[in-house]
Amino acid sequence: MAQQEEVFKKLVSHCKEYGFVFPSSEIYDGLGAVYDYGQNGVELKNNIKKYWWDSMTLLNDNVVGIDSAIFMHPTIWKASGHVDAFNDPLIDNKDSKKRYRADVLIEEQLAKYDDKIDKEVEKAAKKFGNTFDEQKFRETNPRVLENEAKKAELHTRFATALNDNNLEELRQIIVDYEIVCPISGTRNWTEVRQFNLMFATEMGSTADGALKIYLRPETAQGIFVNFLNVQKSGRMKIPFGIAQIGKAFRNEIVARQFIFRMREFEQMEMQFFVRPGEELQWFEKWKQTRIQWHKALGLGDKKYRFHDHDKLAHYANAATDIEFEMPFGFKEVEGIHSRTDFDLSSHEKFSGKKIQYFDPELNKSYTPYVIETSIGVDRMFLSVLAASYCEEELEGGDTRVVLKLPPALAPVKLAILPLVKKDGLPEKALEIMNNLKFEFHCQYDEKDSIGKRYRRQDAIGTPYCITIDHDSLTDNQVTIRHRDTMQQERVPIADLETIVREKVNMKNLLKIKN
Ligand code: ATP
């Protein structure tokens with residue numbers, strides 16, 4: 001774990017050094033859990049959003065997009081349940097004065113049992129070598145079974161406390177399991193309290209009677225309140241979906257893991273409207289579609305798992321998370337929820353407007369049920385970076401840091417490097433760039449040695465570098481270098497467009513079916 005934390009630290013500083021992510025307001029010492037994306041970060045982020053947007057709206061002819069406002073009528077948040085129930089249970093350590101989410105402290109305790117089990121398995125695998133039967137070991141080893149039993153016991157107690165909204169019991173669990181504050185190391189805890197995560201502000205001048213409004217904590221409600229607009233104007237037939245990408249805001253109690261938990265972040269959400277009774281079928285379908293979308297990136301299938309919710313939100317009848325193995329363990333990147341007809345019914349009730357769908361095949365009206373897929377852009381960004389970050393030892397004792405990003409997501413696709421700054425090589429290089437820049441994000445670099453320039457491109461994950469040398473002026477060929485293998489080959493300038501396109505085209509990702 002310590003080694004993983006080390007990697008995470010390096011990743012955070014890499015992000016800053018290479019223009020991916022900066023702390024917000026840094027010259028004023030920053031602002032808690034708010035970050036800015038730099039010149040390379042914004043490109044990677046935009047590519048992630050495009051991959052999601054295209055997979056939703058191009059691959060599904062019954063999914064359309066919208067872009068709703070961040071400010072919305074405050075009653076929307078009453079109807080959605082956020083005013084009354086969008087709370088996290090918080091607890092303070094009296095010695096360190098640090099604040100924690102009680103549920104997260106307990107989840108970390110649960111994860112410790114998994115760590116212990118994994119260590120036993122790892123040890124045994126080393127000892128028994130090829131003859132090791134992992135499944136049998138997990139089913140029979142006394143230490144594994146003991147840890148499984150302890151985990152199950154804690155899990156049941158935790159799930160019950162969450163479902164009963166029993167804050168005293170949450171605290172009691174923390175006390176009974178002797179969970180300590182990671183900063184002070186003590187168990188001097190306050191009571192557990194509920195804390196609402198919405199940011200509020202005022203709209204209009206106070207003289208007119210200002211309206212208390214909220215910064216949206218999710219983009220989904222903007223979709224629900226536009227259900228009728230989209231359905232009618234697009235003549236949409238159920239089943240159909242509405243997708244949206246946009247900022248969301250949550251006053252997170254604990255925000256310590258870089259861009260994993262931010263107070264201002266971005267979501268990509270899709271609400272899929274279906275006939276009542278068919279929702280669980282569609283839930284399964286979207287689970288599979290979404291996990292395929294993740295796996296198509298080629299970051300490693302083993303890095304993903306589903307995690308079903310212990311406590312269903314007030315609106316859901318099924319829910320699962322797609323978790324990704326971050327440097328700090330498996331963590332939620334996306335939630336898939338079967339939200340029943342809760343939202344549309346509730347908006348019908350609070351707004352007094354009928355929000356129903358007339359189904360011509362069934363010849364009746366009903367309130368559609370909803371499957372939601374909700375993924376955080378920033379968490380996705382972090383997972384892509386974490387899985388791509390590699391430190392490699394090279395022949396001759398040299399090392400390099402390379403981001404093995406999926407080529408379609410890379411901020412720069414092609415670096416164009418004249419071998420020297422004279423003899424007409426820069427002009428030739430710029431001529432190539434001016435041909436290719438309409439389709440690919442190219443970067444021209446003539447400073448420092450070729451080796452140094454390669455390293456700079458490796459560090460930002462550029463799939464291809466081309467070098468223009470003196471021969472290029474006469475034979476119209478360049479040397480192309482592949483990021484991951486570092487292999488170089490001579491290719492005609494006329495072929496570059498096809499070579500690069502084949503590797504970096506988003507279409508390649510969208511076409512992958514697992
Ligand atoms: P968590 O349990 O980690 O707080 P959540 O279950 O509240 O997350 P959802 O409400 O399901 O999250 O939001 C959907 C997605 O939005 C999450 O899977 C995550 O990727 C992203 N997300 C939620 N909160 C944040 C945050 N504070 N910072 C960055 N991304 C977030």
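**Notes on the ligand site and helix 15**

1. One ligand oxygen atom sits 2.7 Å from a polar backbone atom of Val-333, a polar contact in the sense of a pair of N or O atoms within 3.5 Å. Bear in mind that this is a predicted model, where local features need pLDDT of at least 70, side-chain atom pairs count only at pLDDT 80 or more, and totals for chains, interfaces and linings use all residues. Residues are numbered from 1 along each chain as its sequence is written, and side-chain values use heavy atoms, with hydrogens and water left out.

2. Two other residues to look at here: Gly-376 brings a backbone N or O atom to 3.0 Å from a ligand oxygen, and Arg-379 has a side-chain N or O atom 3.1 Å from a ligand oxygen. On its own the ligand exposes 590 Å², of which the protein buries 86% (Shrake-Rupley areas, 1.4 Å probe).

3. Now the shell, meaning residues with a heavy atom within 4 Å of the ligand. It has 16 residues, with Glu-252, Arg-261, Met-262, Glu-332 and Val-333 the closest. By class, that's seven charged, five polar and four nonpolar, with Gly counted as polar. Strand 13 gives the largest share, five residues (strands are DSSP E runs of at least two residues, helices H or I runs of at least four).

4. Away from the ligand topic, have a look at helix 15 (residues 450–460): its buried residues include Ile-450, Arg-453, Tyr-454 and Asp-458 (buried is under 20% relative accessible area, 1.4 Å probe, protein chains only). Just past helix 15, Gly-461 adopts a positive phi of about 85°.

Note on methods. Buried means under 20% relative accessible area, exposed over 50%, partly exposed in between (1.4 Å probe, protein chains only). A polar contact is a pair of N or O atoms within 3.5 Å; within protein, one must be able to donate a hydrogen and the other to accept it, and residues adjacent in sequence count only if both atoms are side-chain atoms.
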